[in-house]
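Please open the model in your viewer and keep the sequence panel beside it. The stops below move from single residues to strands and sheets, and end with the whole chain.

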Amino acid sequence: EDESNYSRVYWHALGTQQSEDKLIFERPDAKELNISPAIADDGKYLLFYLYKGTDNENRIYYKEIDSDGPVVRLLDKADAQYSVIDNDGPVFYLNTDYQSPKGRVIAIDLRKPDPEQWKELIPQSDDVLNSVSIIDNRFVLSYMHDVHHELKLYSMDGKFEKSIDLPTLGAVGGVSGRREDKEMFFSFTSFVYPTTIYRYNF
């Protein structure tokens, strides 16, 4: 009955046998938690997203990859949905619905992780926040406005820059690009446009 419980994370070195993988994290005290690992884009932090069943609320732990230090429980209350967008060293940018059911962007400094020290960069708006990326060193946000999507650009300090003109009212998906890129790609679909991939040059 525990086939889907007792999630574990192992470190695998390419070219080695699976039997040589090293166990780096588990929560045997909370067997129902599913653990999903990720590596921050700068390659310095290993992130652990922990979920219970199909709950949207999650926890986030982290570990410095080149350190023998412990796994740190950054967000451990499972009181909201949190997703890391990117980081500048110990400052992490997150998309969250914590105290903001429609979503907002915050910054958490790992050196001062208490909620009282969190910095709100882009507050909750009247529209639901669907996705956030950092491309060309700016935030790219997709919002659901009424029954269609809007794409908006914000500076890294949270100041609104502009809305991106879309062909007509429709749905945006798959926004992709890296922080240093000068262009991004996204899909657009509407009643008169079949799903089409667009390139936006910053």
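Select D136 to begin, and colour it by accessibility: in this predicted model, D136 has a relative accessible area of 10%, and because the cut-off for a buried residue is under 20%, D136 counts as buried. The residue sits in the loop between strand 11 and strand 12, the latter covering 138-145. If you display the backbone torsions there, you will find that D136 has a positive phi of about 55°, although it is not a glycine. As background, most residues other than glycine have a negative phi.

With that loop still in view, extend the selection to the sheet that strands 11 and 12 belong to. It is an open sheet of 4 strands in the order 11-12-13-14, and its pairing is antiparallel. Strand 11 (128-135) and strand 14 (160-164) stand at the edges, and because each has a single partner strand, one side of each is left without a neighbour in the sheet. From one strand to the next, the twist averages 25°. To look at one pairing in detail, select residues 148-154, which make up strand 13, together with strand 14: the two run antiparallel and are joined by 4 bridges. Within this pair, K152 is the residue to pick out, since it can be followed across to S163 in strand 14, which stands opposite.

Next, move to A78, another stop where the backbone torsion deserves attention. A78 is not a glycine, yet it has a positive phi of about 50°. Its place is the loop between strand 6 (72-75) and strand 7 (82-88). Is A78 buried, partly exposed or exposed? With a relative accessibility of 29%, A78 counts as partly exposed.

From the end of that loop, continue into strand 7. Of its 7 residues, 5 are buried, so strand 7 is largely enclosed by the rest of the structure. Now add residues 91-96, which form strand 8; strands 7 and 8 pair in the antiparallel sense over 6 bridges. The two strands form a hairpin with 2 residues between them, and one residue to select in the turn is G89, which has a positive phi of about 60°. Beside the turn, D88 stands opposite V91 in strand 8.

The next selection is the open sheet of 3 strands in the order 15-16-17, where the pairing is antiparallel. Its edge strands are strand 15 (171-176) and strand 17 (196-201), each of which pairs on one side only. Neighbouring strands of this sheet are turned by 30° against each other on average, with direction ignored. Select strand 15 with strand 16 (residues 183-189), and you have an antiparallel pair held over 4 bridges. In this pair, S176 stands opposite F185 in strand 16.

Finally, clear the selections and show the whole protein, which has 0 helices and 17 strands. Taken along the principal axes, its C-alpha atoms fill a box of roughly 50 × 40 × 35 Å. Of the 202 residues in the protein, 41% are buried. If you turn on the surface, its accessible area comes to about 12000 Å², of which 46% belongs to carbon and sulfur atoms. Colouring by charge picks out 23 positive and 35 negative charges, whose mean positions are 4 Å apart. Among contacts between residues at least 6 apart in sequence, 28% join residues at least 24 apart.

Note on methods
Residues numbered from 1 in each chain as written. Predicted model: local features only at pLDDT ≥ 70, side-chain atom pairs only at ≥ 80, totals over all residues. Heavy atoms only, no water. Pairing = 2+ DSSP bridges. Axes fitted to C-alpha atoms, helices over the stretch in contact; angles between N-to-C directions. Buried < 20%, exposed > 50% of the residue type's maximum accessible area, 1.4 Å probe, protein only. Contact = heavy atoms within 4.5 Å. Areas by Shrake-Rupley, 256 points an atom, 1.4 Å probe, with all protein chains shown as cover. Lys, Arg positive; Asp, Glu negative; His and termini not counted. Charge placed at Lys NZ, Arg CZ, Asp CG, Glu CD.
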